[in-house]
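Student: Before we accept any label on a model, could we go through the reasoning behind it step by step?

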Amino acid sequence: MKQKKEWYRLDNAGKLYPSITSTRVSTVFRLSATLYNNIDSKVLQIALNNIIEYFPYFKVNLKRGLFWYYFEHTEKYPKVQKETYYPCMFMFYKNKNSFPFRVLYYNNRISVEFSHSITDGVGAINFLKSLLVEYFNLLGINTDSHKIPSKEEAEDAFKKYYVKNVPNPPKLKKAFHFPFKLNSKGEYYIITGIIPMDILLSTAKKYNASLTQFLLALYFDTIQDFIKSNNFKLLPVVINLPVNLRSIYPSNTMRNFFISVTPQIDFRLGTYSFEEIVNYIRNYMQLTLNKKYINQHIHHNVKREKSIFIRLIPLFLKNLMMPTIYSKYGERNYTTGISNLGLITLPKSIEDLVERIEFYPPPSIGNIIKVGTIGYKDNIYISFGSLTKTTTIEKIFFRKIRKMNIPVKIETNRE
Amino acid sequence: MPYCPKCGVEVDYKITNCPLCTFPIPDIPDENNNIKVSKFPRPENKYYETILKIKNQIFFTLSILIFCAVLILITINSIIDAHPLAINYSIISVVAAWFYIFIFLGYISSLYYSILGIGIVTMFLTLGIDYVDGRINWFFSYALPVIILALAIIYLFLYLYNRSKFLNKFIFIPSYLFIGISLLSVGLECILDYQAKKSISLSWSLIVFIVLISIAVLLISLYYKLPDIIKEKIKRKLHISLF
């Protein structure tokens, strides 16, 4: 008898992404590890084949149902590819036998690019860590063994921690957007600033702020400078800040489990000093990063998914409607986004073999500039992903850091 | 390590311009003689390659369908005693559809040539439909002038749009559309009147023209701003501040 293929529902956040994916809005983000030696692609392929069994929820193909997409387990194996295109490019993971992620290599760098439909930054980090461990294991460097995947890792944590009868969170209004000209399709520019962690942390401490709060304040201040120096029509500046909910709820899911909080400053009220911005963000975080506030958002999202009216809309109609709805209720209301994946640690045995880890945010037409930050060893890597050739925002941001006497090294994929 | 003198940020050796401000960076030799490993490949643009592949697939599939449709129509014509006019109309339309698909899929890269292509295909389509019964009745008197008029107005619209697309498209697109439609309606009535009565007396198109041109002029003058005296008068009379 033919064995039944396992299948998974997309998680609450992931359900949106296949419907809004286009050649510009790839919804693909990248995590990459730079080693000291060139990558052996054959060993990398074997490593990938070995570890994919530990991530059964990633060894899937996306399929179309009548009402929703779903993931179906596949017996095929993903292939590692040599990097040739711009980062975070679109992937046709709706096609037959396509995986919703890719593993790339170039010189001494291994990159994993995930569609957001399948996982968030935490899932991708765990996958990359396992891949590195297995890669070095195969090269004869003894590292930790893999843990056996638990059922909990494949759960939709949004549904698990959904609380009924909670009022909806307040609605956002249209936010300020960068008025830059879009680049050609198929191009995505990255500017990464490499900053010593200890100096950045001590500067943040001077302002009594955490690293995320400090970077967020710097970003707000950058946008304030940009708006004020160009006399743009003022609208509130809203920054989308995804929060990893695994730190609030006891979940180990490897699928999406984040909620975006949206600090906003209305510069129509006047010019804010940097200290005022930091104060606002610190207080905002204290108000929002708690279960009661987050429950509102989880409830709002899950309730919409559970609605019988939404469930009954055929998939092809959902695909037609979703990009407009997402633009109206999603990115239209944010100026930009900043994702901080935190400090990444690798097993001691391989830490000295990996020079750096970087994170690139997914490109989006609604927010043409987004920021991804990640810490590894002594540095923090701040990457601006941009769909425009203009570098004004990056320039103001990094110059501000330099003015605080913090050293910055800049790298880019721009020609 | 080389630095950008303007931004103060460190950059890699061999970088000629600052990635942030494009300021030229002095060429400093690497003291440690490290071998430079490029961090990114010289990226290829995935978009055009992928889109061309998809486009080819669509065009190939549709071409087969159209070829089958023409074959079926010819077969029906030879087997069944169908009305030859109906079959000929269908064959001409299907063949024209194939040319339209070719143009709409963007195989002609220039927009101006694409529009010209659409015009030429439409000319042949109307000529073919007119000539099905063996005589040319209305092609030269109606179809050709209307097509040339429509093409001229579309080219005018594009010319004006390209001149102002970086200014404020939300004002210019409706304004130019209104101007285009008003000119088209006047032109259409002229052609119809002339062919029917051999004289021109405008009626309905004049109403369309006056209304739409007024709106367009209002929108454009709002953008270019009115003289201060008129602005002041509007403010005083209406107690509003529009500008």
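Tutor: What follows takes up the interface, some individual residues and the salt bridges of this predicted model.

Student: What makes the area between chain A and chain B a buried area, and how many residues does the contact take from each chain?

Tutor: Buried area is the accessible area that two parts lose on being put together, summed over both, and chain A and chain B bury about 2900 Å² between them, with 61% of it on carbon and sulfur atoms. The contact takes 36 residues from chain A and 28 residues from chain B.

Student: How do you know that Glu411(A) and Lys39(B) form a salt bridge?

Tutor: The cut-off is a side-chain nitrogen of Lys or Arg within 4 Å of a carboxyl oxygen of Asp or Glu, and the closest N and O atoms of Glu411(A) and Lys39(B) are 3.3 Å apart, so the pair meets the rule. Across the interface of chain A and chain B, two salt bridges are found by this rule, and the count of residue pairs in polar contact between these chains is eleven.

Student: Which elements of chain A supply at least two residues each to the side that touches chain B?

Tutor: They are β6 (101-106), β13 (354-360), α12 (392-403) and β16 (409-412) of chain A, and the largest share, five residues, comes from α12(A). By residue class, the side of chain A that touches chain B divides into 13 nonpolar, nine polar and 14 charged residues.

Student: What makes β16(A) and β1(B) a pair of strands?

Tutor: Pairing requires at least two bridges between the strands, and β16(A) and strand β1 (residues 10-11) of chain B are joined over two bridges in the parallel sense, so they qualify as paired. Within this arrangement, Lys409(A) stands opposite Glu10(B) in β1(B).

Student: Why is Thr391(A) called buried?

Tutor: Its relative accessible area is 12%, and buried means under 20%, so Thr391(A) falls in that class. Thr391(A) lies in the loop between β15 (379-386) and α12 of chain A, and, leaving aside residues up to four places away in sequence, it touches Ile191(A), Arg414(A), Pro19(B) and Leu20(B).

Student: What makes the approach of Thr391(A) to Leu20(B) a polar contact?

Tutor: The side chain of Thr391(A) reaches the backbone oxygen of Leu20(B) at 2.6 Å, and the cut-off for a pair of N or O atoms is 3.5 Å, so the distance lies within the limit.

Student: What sets Thr27(A) and Lys14(B) apart for comment, and is each of them buried or exposed?

Tutor: Most residues other than glycine have a negative phi. Thr27(A), although not a glycine, has a positive phi of about 55°, and Lys14(B), also not a glycine, has a positive phi of about 75°. Thr27(A) is placed in the loop between α1 (17-20) and β2 (28-35) of chain A, and at 4% relative accessibility it counts as buried because the limit is under 20%. Lys14(B) lies in the loop between β1 and α1 (46-79) of chain B, and its relative accessible area of 65% is over 50%, so Lys14(B) is exposed.

Student: How do you know that Lys400(A) and Asp225(A) form a salt bridge, and which parts of chain A does the pair tie together?

Tutor: The closest N and O atoms of Lys400(A) and Asp225(A) are 2.7 Å apart, which is within 4 Å and therefore satisfies the rule. Lys400(A) lies in helix α12 and Asp225(A) in helix α6 (residues 211-230) of chain A, so the pair ties together parts that are 175 residues apart in sequence.

Student: Why is Lys400(A) called buried and Asp225(A) partly exposed?

Tutor: Lys400(A) has 15% relative accessibility, which is under 20%, so it counts as buried. Asp225(A) has 31%, between the limits of 20% and 50%, and therefore counts as partly exposed.

Student: What makes Glu394(A) and Arg414(A) a salt bridge, and why are both residues called buried?

Tutor: Their closest N and O atoms are 3.7 Å apart, within the limit of 4 Å, so the salt bridge is accepted. Glu394(A), at 0% relative accessibility, and Arg414(A), at 17%, are under 20%, and therefore both count as buried.

Technical notes
Residues numbered from 1 in each chain as written. Chains lettered and ligands numbered in written order. Predicted model: local features only at pLDDT ≥ 70, side-chain atom pairs only at ≥ 80, totals over all residues. Heavy atoms only, no water. Contact = heavy atoms within 4.5 Å. Buried area = accessible area lost by both parts, 1.4 Å probe. Polar contact = N/O pair within 3.5 Å; in protein donor to acceptor, adjacent residues only side chain to side chain. Helix = DSSP H or I, 4+ residues; strand = E, 2+ residues; numbered from the N terminus. Nonpolar A, V, L, I, M, F, W, Y, C, P; charged D, E, K, R; others polar. Buried < 20%, exposed > 50% of the residue type's maximum accessible area, 1.4 Å probe, protein only.
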